[in-house]
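Me: I am new to this structure and would like a close look at a single part of it. Please take one helix and follow what surrounds it, then place it beside the rest.

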Amino acid sequence: MIVPLLIFGAFGHAILWVAMVSRWHGTAIPQPLREGGTFVFLLAAIVIPLPVAWSTLHPWWGTPPADSSAWWSAVAWVYLAACTMICIVATIHWYWLRFHPERRGALLSNHTIRHDPRDRTSGPLTSTGIPMFLSRLPGNQVLEIHLHEKELRIPRLTLVHDGLRIAHLSDLHMSGRIAKVYFEEVVEHVNQAQPDLIAITGDLVEHNKCIDWIPDTLGRLRAPAGVVYVLGNHDRRVDYQRLTGALAEAGLIHLGGRRHEATLRGAPLLLAGNELPWFGPATDLQRIPTGGEAGIPLRILLAHSPDQFRWARERGVDLMLAGHNHGGQVCLPAIGPIVAPSLHGVRYAAGVFLAGNTVLHVSRGTSSLSPLRFNC
């Protein structure tokens, strides 16, 4: 009995502290406190198993049985039992999410085209040192470009909006660790797809020096209905006023706390932004136009975090685009993502979801500050 209990308890222990880290990073806690809390959680994940293992196993190591009645042994057994329950509940929850109704009804098709920029560029795609070493690890997909062509069913879609093509980019994390030429390749592939609208959902730049990349990267994006964006939590690490100024000069439209009305081939669009919980306020959508001669506008929300899904549903959004979770960044075979910086854990790590009349599309992201991406 003790061996299965230890196995389930070990998995439950890992699930508990991974969940703590995920939800901690889904808040607007200041960066130093967030990083400090993460260190504490990881330290607890490493240290706690040692006294628990000693307290539960030492009777089998020849220690007098009387010691097993000490208070720390009781605490260890309670913790082990709790972790076992966490493992069981988490497993049930994982299966529940895999077959949740939110995952059905919106995605009609998905065709993926893989591009390897190393086939088209002769220069290095990463900075030298650790980023270059990591990018060459077997299975690391961080330099692959995947273009997912998805057809979505929007419940309230009108005939005038049918066929609208939206390019959704997210989480570029331009830092210098991955070279500018990589992002130029991304932009070229997006333009070749000929979208009607381009939406970028945050975490654009990691360092102020990379703001100078905007004219040669995001500034080259082109779409008839324009290029719109919101900021993400990592954009707070730079001079974001300078960043938004550079993006405005490049012709991009910032939707943070505001809305933008556009018309495409006679079809009205209402574009809004939600940068909560890091920037506020979100766009006021209480008074949405009910429609004019051109019909009811398609309501599209850009948000960095998919945690704003409920906010979008309550305000009658038709399509919400988000990122932030990187698809988990490292996904285990048959299990999938295990870590996502969200209050919902990995529930909205990536993919298409439908609740009520609102469709949510969560991008896996274009890049990462950490040049590692496996099975994702």
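Reply: What follows starts with helix H1, its neighbours and the pocket beside it, and then turns to another pocket and a sheet.

The model is a predicted one. Helix H1 covers residues 2–24, and helix H2 covers residues 31–47. Their axes come within 10 Å and cross at roughly 180 degrees. That crossing angle makes H1 roughly antiparallel to H2, since an angle over 145 degrees counts as such. On the H1 side, the residues that meet H2 are His13, Trp17, Met20, Val21 and Trp24. H2 answers with Leu33, Arg34, Gly37, Thr38, Phe41, Leu42, Ala44 and Ala45. By class, the contact of H1 with H2 holds nine nonpolar residues, three polar ones and one charged one.

H1 has another helix partner in H4, which spans residues 71–98. The axes of H1 and H4 are 7 Å apart, and the angle between them is about 70 degrees. H1 and H4 are therefore roughly perpendicular to each other, as angles of 65 to 115 degrees are counted that way. From H1, this contact takes in Ile2, Leu5, Leu6, Phe8, Gly9, Phe11, Gly12, His13, Ile15, Leu16 and Trp17. From H4 come Trp77, Tyr79, Leu80, Cys83, Thr84, Ile86, Cys87 and Ala90. The residues of the contact of H1 with H4 are 15 nonpolar and four polar, with no charged residue. His13 and Trp17 of H1 appear in the contact with H2 and also in the contact with H4.

Within H4, Tyr79 can be followed individually. Leaving aside residues up to four places away in sequence, Tyr79 touches His13, Leu16, Trp17, Ile48 and Val52. Phe8 is 71 residues from Tyr79 along the chain, and the C-alpha atoms of the two are separated by 12 Å.

H1 also borders open space. The second largest pocket has a volume of about 880 Å³ and a lining of 25 residues. H1 gives the largest share of that lining, nine residues, and H4 supplies at least two. Nearest the centre of this pocket lie Ile15, Ala90, Thr91, Trp94 and Ile338. Ile15 and Ala90 also belong to the contact between H1 and H4. The lining of the second largest pocket divides into 18 nonpolar, five polar and two charged residues.

The largest pocket holds about 1300 Å³ of space and is lined by 42 residues. Those nearest its centre are His148, Glu149, Lys150, Ile166 and His168. Two or more lining residues come from each of strand E2 (145–152), strand E3 (166–169), helix H6 (180–192), strand E10 (319–322) and strand E14 (358–362). E2 provides the largest share, eight residues. The lining of the largest pocket is made up of 21 nonpolar, twelve polar and nine charged residues.

E10 and E14 also have places in an open sheet of six strands, whose order is E7-E8-E9-E10-E14-E13 and whose pairing is mixed. The edge strands, each paired on one side only, are E7 (259–264) and E13 (351–355). From one strand to the next, the twist averages 20 degrees. E13 pairs with E14 in the antiparallel sense over five bridges, and Leu360 in E14 is the bridge partner of Phe353.

Terms used:
Residues are numbered from 1 along each chain as its sequence is written. This is a predicted model: local features need pLDDT of at least 70, side-chain atom pairs count only at pLDDT 80 or more; totals for chains, interfaces and linings use all residues. Side-chain values use heavy atoms; hydrogens and water are left out. Axes are lines fitted to C-alpha atoms, for helices over the stretch in contact, and angles run from 0 to 180 degrees between N-to-C directions. Helices (H or I, at least four residues) and strands (E, at least two) are DSSP runs, numbered from the N terminus. Angles under 35 degrees count as roughly parallel, over 145 as roughly antiparallel, 65 to 115 as roughly perpendicular and the rest as oblique. Contact means heavy atoms within 4.5 Å. Ala, Val, Leu, Ile, Met, Phe, Trp, Tyr, Cys and Pro count as nonpolar, Asp, Glu, Lys and Arg as charged, and the others, Gly among them, as polar. On a 1 Å grid over the protein atoms alone, a cavity is a set of points where a 1.4 Å probe fits but cannot get out, and a pocket is an open set with protein on both sides within 12 Å along at least five of seven lines; lining residues have an atom within 4 Å of a point. Grid points are joined across faces, edges and corners, and a volume is the space filled by probe spheres set on the points. Two strands pair if DSSP finds at least two bridges between them.
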